[in-house]
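Reader: I should like to learn how the contacts between chains are read. May we work through an example together?

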Amino acid sequence: MQKKLWQHIEKVRQTSPLVQNITNYVVMNNTANALLAAGALPIMAHAHPEIDEMATICQAIVLNIGTLDKYKVKSMLLAIKKAGELGKPTVLDPVGAGATSYRNETLSQLLEYRPTVIRGNASEILALAKQNTETTKGVDSTAQSNEALSAAKSLNREYGSVVCISGETDIVVNGEREIYLSNGHALMAKVTGMGCSASALIGAFIAVVEDKNEAVAAAMALMGVAGELAEKQSDGPGSLQMHLLDKLHTLTEAEFISTLKISEK
Amino acid sequence: MQKKLWQHIEKVRQTSPLVQNITNYVVMNNTANALLAAGALPIMAHAHPEIDEMATICQAIVLNIGTLDKYKVKSMLLAIKKAGELGKPTVLDPVGAGATSYRNETLSQLLEYRPTVIRGNASEILALAKQNTETTKGVDSTAQSNEALSAAKSLNREYGSVVCISGETDIVVNGEREIYLSNGHALMAKVTGMGCSASALIGAFIAVVEDKNEAVAAAMALMGVAGELAEKQSDGPGSLQMHLLDKLHTLTEAEFISTLKISEK
Amino acid sequence: MQKKLWQHIEKVRQTSPLVQNITNYVVMNNTANALLAAGALPIMAHAHPEIDEMATICQAIVLNIGTLDKYKVKSMLLAIKKAGELGKPTVLDPVGAGATSYRNETLSQLLEYRPTVIRGNASEILALAKQNTETTKGVDSTAQSNEALSAAKSLNREYGSVVCISGETDIVVNGEREIYLSNGHALMAKVTGMGCSASALIGAFIAVVEDKNEAVAAAMALMGVAGELAEKQSDGPGSLQMHLLDKLHTLTEAEFISTLKISEK
C-alpha cells in the first residue's frame, strides 16, 4: 500500500493535473501554493459565465464553502452540476457544517450532486450526516475522528462519496473499506487552511488516480507526512506553514515510506 | 500592570475565544493565523443569512473596512447591530479612513452602533474624528500618534469606545486613562496587515478580559513585543511575517516582561 | 543600462509611489507585500463608489483579471477609464487570457482604454493578440517567450502599450525596441502569484520613472534578480516566497549589477 501511495504522489508530480477551486478567501493563496508544491496546477475562478468552460478545461473540481455568499453558492452549484455532466471528479469541503442553517442548506443542495469525495473534520462530518442522512445521533462539537465513523458511513451509503474524516487520525471510508492514517502534528491546527489544503490535494489525486480510495489516502498521507516532517524544522506555526510547502515539493520516497503510518480494516 | 497583561495573554491561550471577523481580502490569511498563533479561534464569514448565527456563536466581532463593497458594508452593519443586541464586544478597524467619502460614510454608519474598541493609525483616527465628532482641526496625513490624541479623546467621549492609536508608540485612550506602549519595529510597516492583525488580536482579548483598557493594552503589547523579538531574527519583511507568527505562539512570560515598554498617565 | 535600472529601483524606494490594485483574491497578500518590500505603498480597493477617488490619490493602477466577476470587471473598467482622464499610467495583467470567452471579452473591453503596460506569459500574450489584433496564428499553450514576440508587437502597434512577455527570458517590447532579461529561477513557477507580483512592481516603477521601457525593465529585473538570489537560500517554494520578499527589500546595488543578465535589440 505504501508503495502504491508513493506512486500516486509521483503521478501527480509527473502529470501536473489542472485543479479548479471554488474556495474561501482565507486560504486561496495557501491552497494554490500547496497544489503547486505537490506538482499540480491550480485554477481559481468563480465567475458564473466561465464556470462551464473551466469545468471543461480542468481535471477535478474542489468546492469549499468557507466565506460563502449567494454568488459563490451559485458558482459551486453550477460547477458541480457541470462536473457531473462531464464526468469530472469533485471534492466537497464542508467548512463549518452545522455552524449556521445557511451552511447546512448550501451543503444539502451540493450533496444532491453526489460529490466524488467529502473531506471534513469529525464535527463537520457529524453535522453533515445529521442534517442529510437518516442517521440521527447526538453531536459532540469536540468529536474525534472515530466517533464520526458511523456518520461517514451514512454519507457514503447515501451519496456514494468516499468520505474522509480528518483529525489526529484520518479515516478514509468507502463501502466496507476503511483506511487509517496517523501522521501530522498538533501544531498544524495552529495554521489556518490545513484542512482546505488537504481537500485541494485530494482534488489533484482524484484527477489522475483511478482508485478513489487510494487517491484520497495518498493525498492525506502526503499532507500528513509532509506536515509531520515540516514540524520538526519549525519554531512555531509561521515556520510550519513555510516548511510544509517546501516539504510537499521535496519529499522523497525514502522519507515518505519511513514516516507513513497507515493501516486498513 | 506587566504581570496583569501577561495573565491576559495566558487567558486567551487557555480559553481559545471564538472571534468572528468581517475583514478585508488582503489580510484574511494573516489575521486568521495571528489569531490561531495567539491561541484564539477565528471565524471568517460575511454572508448576510448567517451573520446573526455567527454573532450568537462567537465571543467578539472584528470589523475591518479594507476592500469593502456594498455587500460587505451590509454584512458589517448587520453584525454590529446584532452584537449590540447580544452584548458581544466589537472592534472597528477604520482602514483608510479619510481616503474616500465612501469609507467616511460607511464609518459614520458603523460608529452609530458604538463599537467597544476602535483601533487605527494616527491619520485614520484623525480622519474619523474630523468626520464624526465636534472636533475640527487640521489633519496632517503624516500625523504621529500623540497628534491624534485629542481626536481619540473626542471619539471616546462621543461613542464610548476605547480608542487605540497605533504607531511607533501605541496609545490606548479611555476617559481619563492613557496607556502608552512603545514596542514593535519599523520593519513591521513593510508587512501588510500588521494593523489588521492587531485589531483581530484585540477582538480575542476583549472576548475574555473584563477590563477593556487592559484587554486592548494586552493585545497591543503582545503584537509589539512579538514583532520586536521576531525582527531580531529576520532578514527582511518576508521572514518577519513568519517569525512574528512563531513568536505570537511561543512567547514566554520572561521574554514578555523583559521586553515590554509601557507607561500610564 | 544596468546603472539606470538600479537608479529606478532606488527611486521607487525613495519616493514610495502609491499603487492602486484591482487584483485577484489569490495573490492580494503577496502582491501588497511585494510592493511594500520594494518600497512602494499598495492600495487595494474595488468598491465602485470609491474607484474615482482612489484613481485620483494613487500614482499608478494595476488591473489583474484573475478571480474576476461582474462587480470587479466594472471596477476595472471604471478605474482604467478614470486613469485615462487623469493621465495616470496603468498595467494590465491578462491572467488566464484565452481560457474562457468571459476573460477574452473582459480583456477586449479593457484594451480599448489602451493600458500603458501589458504583462503576461507567452500563452496569455498570444491569446490576447489572437483575439484582439489582426495577427492570427496558431497558439501553442506551451509557448515560449520568443514565440509570442510577434503577438506582443501586434498588441504594441494596436494599443500603444509597452508589452512584457515574462518567462525564462522576459522580453519588453515597444516599437523597435526589445529588451531581454534572463534572471529568475524555475522554482518561481511553483509559487503562486509571481507574475502578479511582477505586474504590481511594474505599477510602482511606471508611477515614478519617465521612460516606460526602462520602468518595465527595472521592475522585471528587480523581480528576476531578487528571485534568483532568493532561490539560492531556499529549500523549496515556501521558503522561496519568504526569501524573495526579504530580497526585494534588502537587494544592494552590487548584488543587482553582478547578477543582472540583460541585452537589447
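The dialogue below treats the symmetry, the interfaces and one helix.

Author: This is a predicted model, in which local features need pLDDT of at least 70, side-chain atom pairs count only at pLDDT 80 or more, and totals for chains, interfaces and linings use all residues. Residues are numbered from 1 along each chain as its sequence is written, chains are lettered from A and ligands numbered from 1 in the order in which they are written, and side-chain values use heavy atoms, with hydrogens and water left out.

Reader: By what turn can chain C be laid on chain A?

Author: Copies are superposed by least squares on the C-alpha atoms of residues with pLDDT of at least 70 in both. Here a turn of 120 degrees, with a shift of 0.0 Å along the axis, lays chain C on chain A with an RMSD of 0.0 Å. The two copies are therefore related as by a three-fold rotation axis. In chain C, the residue that comes closest to this axis is C:Tyr25, its C-alpha lying at 3.8 Å.

Reader: How is the size of an interface expressed?

Author: It is often given as the accessible area lost when the parts come together. The buried area (1.4 Å probe, summed over both parts) of chain C and chain A is about 2000 Å², and carbon and sulfur atoms give 61% of it. C:Tyr25, C:Val26 and C:Lys190 supply 25% of the area that chain C buries against chain A, more than any other three residues. Counting contacts (heavy atoms within 4.5 Å), 25 residues of chain C touch 23 residues of chain A.

Reader: Why do the copies meet through different surfaces?

Author: Only 8% of the interface residues of chain C are also interface residues in chain A, so the surfaces differ.

Reader: Which residues form a salt bridge between chain B and chain A?

Author: A salt bridge is a side-chain nitrogen of Lys or Arg within 4 Å of a carboxyl oxygen of Asp or Glu. B:Glu50 is paired in this way with A:Arg103, with 2.9 Å between the closest N and O atoms. Between chain C and chain A, the partners are C:Arg103 and A:Glu50, also at 2.9 Å, N to O.

Reader: Which residues of helix H7 of chain B are buried?

Author: Helices are DSSP runs (H or I, at least four residues) and strands likewise (E, at least two), numbered from the N terminus. In H7(B), residues 149–159, the buried residues (under 20% relative accessible area, 1.4 Å probe, protein chains only) include B:Leu149, B:Leu155 and B:Tyr159. Among the elements covering them are helix H5 and strand S6 of chain B. Just after H7(B), B:Gly160 has a positive phi of about 70 degrees.

How values were computed: Buried means under 20% relative accessible area, exposed over 50%, partly exposed in between (1.4 Å probe, protein chains only). Buried area is the accessible area (1.4 Å probe) that two parts lose on being put together, summed over both.
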